[in-house]
Amino acid sequence: MADALTGVAEGLKGEPVLLAGFGAMLLVEGAGVLRGGTFLLVVSLMLGAYVVSLATHLWVRRPGREGAGAEPRTDLRARGTGRVKVRNARGEVKARLRSSHDIDIASGPAATHPTAPVAGPPAAEPAPPAPPEPVPADPGPSAPADPEPSVAAVAAVAVPPAAALAPEPAADVAAGRYTPSLARARDTVLAAARGTGGSPVHFEIVADSGCGKTLLLDEVAAGLKDDGRLVLFITAGAPQYGSAGSLGPAEREMADYAACRQLIDAIVADVHRAYAPDDDEEPLLDADAGRELETALLAVRDVRPPAPSITANVNLDVRVEDSSHVQVTGVEEAALAAAAAAAEGTAPERPRSRLTEMQGQLTQLLDRFARTWPTALLVDDVHAVAGTPVEQWLLAVLRGLSTAVVVHGRRPAVGEGPATGGRRIGLGLLPYEETTAFVAERLVGAGWQEAAAGAAAEEVALLTRGHPIGVAVCSAIVRDSLPADSSAAEVRLLMLGGAGHWDDDGAFEAVRTYVDHYAAGIVGRPVALFDPLVVLRRCTAPILVAVLGETEGVTERQASRLYDWLSGCAFVTPFDDDVNEGWRLHDYLRENLDRRFLRTRPAEYAGLHATIERHYRAGMNFDAERDEGSWMAAGARYEDPAWQRDSKEWLYHAAHLPRADFESSKRAMIRLFVEAFFWWDTEVPSSYCDQLVAAYRALPADRDLRWVEWLDQLRTGYVAGRTNQAPGRDEEMWEQAAEALNDIAGDLRLRCGRVPADPDLRRIYILHCQLQGDAVWFGSGGTEEDRERAAVWYRASLDACTDEDELWMGNWAAWQIGDLWAGTDPARARALLDGLEDLAADEEDNELPLWLAETFADIAWAENDPRRAFDAYARAGLRALAYHVRQETYGQYPNRYSDSLHRGVLTRLGERERQALDAGLTEEVAAAKRRSRALFAPYWRYVGREPGDTFGIPDPPDAADLGTDLTEFARAAKWVIRHMGDELEKSVEEPLRDPADH
């Protein structure tokens, strides 16, 4: 009776109309009981007839009794079941599985109930139409991280049987890396890719942590590479938002941009490796096509949103008095758009965000390339960006590739996830047969008898409940830790140590024991190797060597052997297919054990983070051993994606430091910002300093982070670009920058003339003095007293630069001192700059001579020597042209910074020309143009054009010339270095020869 009532209740759940009618009849029957008599009799007869009809209807509709047009259904309920197997299921599959494992549902339909396991092989789902605009204006709050699911939860959402992660290489001698279910999933994707015929192929791999998602993607990538495809295999990373509410909209947008930029950097790295592979690998891409795609991707990475198109007339009323240089730029676009809209009676055009613009250009670029070259884009860990604008950005890119093979992997979504357009392949728990076969095969290969291996395999299957990562890890531990043919009881004791299942709290200790025991065998004494693996998010050979050397006294050779062994273990996961990028302890282990480590041993946890933080910190600054050609070349690191990635790892570990250690880390963070700002933002605002501010704001909110606001105030107050800097202009902004510099100095107890001993404070002091000199001078009225005040700061910086790695910064301070008097006291300026050009050459500084040339031009003008002034400007133009491809090192690309220097030379030369013409020096200007054109004559012959009636200095690069050396502009700049090197080596004060003297 109970089962019958349960069946009726379950049937009525799916029939709301019948359920409502049944309820109404019960109410009427209740009224009949109260009234009694004939009314009760009639109502009872009606209720009886209704129940008979209802029972007949539900019996006809029961599974197996559907008509030809009815939808078949399988209804499964189980609790505490060891094995569940359903074959030939049709139509809707409803499964309620509580505390059950080893679930296998086969031959199911494409469409299933959301809670049902999906059959394998995977079913296809049609791709959706073209995506909408991917990035909203307000990204909103980030979604919380998915909690680690239990094995029971994995079963409830399970999909086709998954494969175990790769065991150690020793086990692969006798067996493959994957199980039959993973092989079927892999073959499904590869078969679709090989039979595409130009049609899009998009798969979505859905699997809980440890169920083989990354391994499947790796196998698919290998197969696609064997087919000759360009494979771009990347891993998504969560944007660094920090604690709730710590970032404003602008900082969140910057964190999103940094996460998307990192994805493009990973694509660029794969493209580079495809045409210039390591070792003896065959290239997947020809060099010309590869370099062209690589440089185009770099341009997309640094894209800025275009100004909205405005068709309405706009009147600007500008009044200027007593000014020699006027520049109107950056007119508020939103105001113009609003004005235009008001005039036309329409809503103003909403400007596209940087993310939207970057996504659009990236999609177009990859889609266009995939039409001419077989291409695949594989993305792992998409769940890491769930609920953020980065997810929308990434999925829009994936959906926009019309001919490429697209495969992405993620954990099951919490709630209603966004449509991805992919055919879904699910990975879940391993079937019992696959689990036992996997383990037994590896044990037999290690010398076990089949019977003992089978018994041990059955024990592993029960202990792990078929969880793939558990199966792979436990099989390796049993194989390496127990004598051949050990009993099942010994296997259980080894793996559990008293726990109920392998993934219960404390049972992971078997992995720790296994790892630390192996390390002790290598080192010859006990070594705590496992703890660093739990704390590290990215493990590379250098960092493991450094950490184990500091914490355990392990030698470099021993640590390298341990790293090589760990790299082949089943419990570590690489970052997609980038073998040189390191690996991490598998997320299933790391996420669980990290929380347990913090909860049970907080002091050791913080101490290990502090050790790792110190290693990263050394690499963030100039303190690490230098292997570049010059100290100037070391500054190129700010543009290196790998270095930027390491800076984020540093900040992650710094966020876990004990309070007592955070102060020294804070000094290093301020130093990093100030160095990067001095390197880039004093001339051109960079996104890197923006990213640093956003990352600093994401640090724990319980720390004193006032210094972050001061850094941001310096960033926004400092007027970038020498052309835009002049005393008496932008006084409010310079006041803002000076106030920020004063706050930073006060917090760090910096005093002018007192050089700190701490390396971080010393570097901050040197650059702070130079920036303070700028704020004093350009924020002043330009009097002689103001010059002297600014010179005090520049001199303090110069005097502090005594170490070898500081000399180049001292040279810049010396130039700034001399430049103060270039226009008012040329003799003093010339004396201050004496010998500085040679010092810059000693430091291989290719930028400072350009500024020296302009300063000497100003000195010559003040000395009433227009010829030498114009000649110096010509040499500055030559230096600016070469600087596009010979910056800190040769072979760099033209960029926004070099473009700004080039345009600055032309701007200041144009101003001096106007002054000369106004002074009646027409002949002198004409003669200067002839000499300058003669200097650049080889360039103009090479490009096959005439310079016209100009100074002959080539025009600066177009936007398409930035970020690449494949354009005519870059080739011409390189030609100049090769064929006009003698002129580039001459002093910036060397007079130009008159064409008549040739």
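**Contacts, sheet and cavities in a predicted model**

Leaving aside neighbours within four places in sequence, P685 is in contact with R304, A720 and R896. These contacts come from a predicted model, as does everything described below. P685 sits in the loop that joins α24 to α25 (687–697). With a relative accessible area of 45%, P685 counts as partly exposed. Along the chain, P685 and V719 are 34 residues apart, and their C-alpha atoms are separated by 9.3 Å.

A second loop residue, V554, is found between α18 (541–552) and α19 (556–567). V554 has a relative accessible area of 6%, and is therefore classed as buried, the cut-off being under 20%. Once neighbours within four places in sequence are set aside, the contacts of V554 are V523, R525, V527, L548, G549 and A559. For one of these partners, V523, the distance to V554 is 7.1 Å from C-alpha to C-alpha, with the two positions 31 residues apart in sequence numbering.

Turning to a helical position, S475 belongs to helix α14, which covers residues 468–481. S475 is buried, and its relative accessible area is 2%. Not counting residues up to four places away in sequence, S475 touches F438, V439, R442 and L443.

The sheet comes next. Five strands form an open sheet in the order β6-β7-β8-β5-β9, and their pairing is parallel. The edges are taken by β6 (230–235) and β9 (423–427); each has a single partner strand, so one side of each is left without a neighbour in the sheet. From one strand to the next, the twist averages 15°. Within the sheet, strand β5 (residues 201–207) pairs with strand β8 (residues 405–410) in the parallel sense, over six bridges. In this pairing, V206 stands opposite R410 in β8. Helix α11, made up of residues 389–399, lies across β5, β7 (375–380) and β8, and runs at about 155° to β7.

Further along the chain, helices α20 (residues 587–600) and α21 (residues 602–620) pack against each other at an angle of about 115°, and their axes are 5 Å apart. On the α20 side the contact is made by D594, F597, L598, R599 and T600, which meet P602, E604, Y605 and L608 of α21. By class, the residues of this contact are five nonpolar, one polar and three charged.

Empty space inside the model was also examined. Rolling a probe the size of a water molecule over the atoms shows where such space is left. The count comes to seven cavities of 30 Å³ or more, and the largest cavity holds about 340 Å³ of space. Its lining has 25 residues, of which F678, T682, W812, E847 and Y897 are the closest to the centre of the cavity. Helices α24 (659–681), α28 (759–778) and α30 (807–820) each supply at least two residues of this lining. Of the contributors, α30 gives the most to the lining of the largest cavity, with four residues. Sorted by class, the lining has twelve nonpolar, seven polar and six charged residues. Helix α24 thus links two parts of this account: α24 supplies residues to the lining of the largest cavity, and the loop that holds P685 lies between α24 and α25.

Terms used
Residues numbered from 1 in each chain as written. Predicted model: local features only at pLDDT ≥ 70, side-chain atom pairs only at ≥ 80, totals over all residues. Heavy atoms only, no water. Axes fitted to C-alpha atoms, helices over the stretch in contact; angles between N-to-C directions. Contact = heavy atoms within 4.5 Å. Nonpolar A, V, L, I, M, F, W, Y, C, P; charged D, E, K, R; others polar. Pairing = 2+ DSSP bridges. Buried < 20%, exposed > 50% of the residue type's maximum accessible area, 1.4 Å probe, protein only. 1 Å grid on protein atoms, 1.4 Å probe; cavity = no way out; pocket = protein on both sides within 12 Å on 5 of 7 lines; lining within 4 Å. Points joined across faces, edges and corners; volume = space filled by probe spheres on them.
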